[in-house]
Amino acid sequence: MDLVDQIVANLAVEPGQAEKGIGAILISMRMSVDKATFEKVRAAVPAHESYMGRALMSGARTGEMIGVAGPAALSAGLSAAGFKKEDVPRLGRIVMEHLRPSLGTDVIEKFLAGAPALKA
């Protein structure tokens, strides 16, 4: 089961919404990890660019694109993607567990420390 399917099954959301949620988290991660680390994310989530683009567009208002600017803005990005506050920790857990084998526990824990919205 791929990452989108896991989110759809566990959170009862549409695939497009799952992609936007993944994208918002990955944008936040991209802003907080070095290039070498993010290359590992690219390998773990081959469609990452598509998901990140969908997340950016989910914040669009009358042609104005509002981007997610790192962990501090993650809640806003996930809200724009249509996730309820109470579902965000589960979404974060699913995405982080998907990335953990590629990134390692230390990177995941450091990212989560700066992204409290993803913690339960």
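Asp 87 is a good place to start: in this predicted model, Asp 87 has a relative accessible area of 12%, so it counts as buried, the cut-off being under 20%. You'll find Asp 87 in the loop between helix H5 (74-80) and H6. Now look for Leu 11, which sits 76 residues away from Asp 87 along the chain. Despite that gap in sequence, the C-alpha atoms of the two are separated by 7.2 Å.

Asp 87 also has charged company. Which residues does Asp 87 pair with in salt bridges? One partner is Lys 84, where the closest N and O atoms are 4.0 Å apart. Another is Arg 90, with the closest N and O atoms 3.4 Å apart. Are these partners buried or exposed? Neither label quite fits: Lys 84 has 49% relative accessibility and therefore counts as partly exposed, and Arg 90, at 34%, is put in the partly exposed class as well.

There's another set of linked charges to look at. Glu 39, Arg 42 and Glu 49 are joined into one network by salt bridges that share partners. Zoom in on one link of that network: the side chains of Arg 42 and Glu 39 meet with an N to O distance of 3.1 Å. Both of these residues belong to helix H3, and they are 3 residues apart, which is about one turn of the helix. As for how open they are to the outside, Arg 42 has 30% relative accessibility and so counts as partly exposed. Glu 39, at 39%, is partly exposed too. If you go hunting for salt bridges over the whole structure, you should end up with 7.

Since we're already in H3, let's see what that helix packs against. H3 covers residues 35-44, and its axis comes within 9 Å of the axis of helix H6, residues 88-103. How do the two cross? The angle is roughly 120 degrees, and that falls outside the 65 to 115 range for roughly perpendicular without going over 145, so H3 and H6 are oblique to each other. The crossing of H3 past H6 is right-handed.

To see what fills this contact, pick out Thr 37, Lys 40, Val 41 and Ala 44 on the H3 side. Facing them from H6 are His 98, Leu 99, Ser 102 and Leu 103. Sorted by character, the residues of this contact come out as 4 nonpolar, 3 polar and 1 charged.

Next, hop over to helix H2, residues 15-32, which is home to Glu 19. Is Glu 19 buried or exposed? At 19% relative accessibility, Glu 19 is under the 20% cut-off and therefore counts as buried. What does Glu 19 touch? Leaving aside residues up to four places away in sequence, Glu 19 touches Val 4, Tyr 51 and Arg 54.

Finally, step back and take in the whole chain. The protein chain has 7 helices and 0 strands, so reading along the sequence gives the pattern α-α-α-α-α-α-α. Of its 120 residues, 43% are buried, and Asp 87, where we began, counts as buried at 12%. And what about contacts across the sequence? Taking contacts with a separation of 6 or more, 66% are between residues 24 or more positions apart.

Terms used
Residues numbered from 1 in each chain as written. Predicted model: local features only at pLDDT ≥ 70, side-chain atom pairs only at ≥ 80, totals over all residues. Heavy atoms only, no water. Axes fitted to C-alpha atoms, helices over the stretch in contact; angles between N-to-C directions. Helix = DSSP H or I, 4+ residues; strand = E, 2+ residues; numbered from the N terminus. Parallel < 35°, antiparallel > 145°, perpendicular 65-115°, else oblique. Left-handed = near helix turned anticlockwise from the far one by under 90°. Contact = heavy atoms within 4.5 Å. Nonpolar A, V, L, I, M, F, W, Y, C, P; charged D, E, K, R; others polar. Buried < 20%, exposed > 50% of the residue type's maximum accessible area, 1.4 Å probe, protein only.
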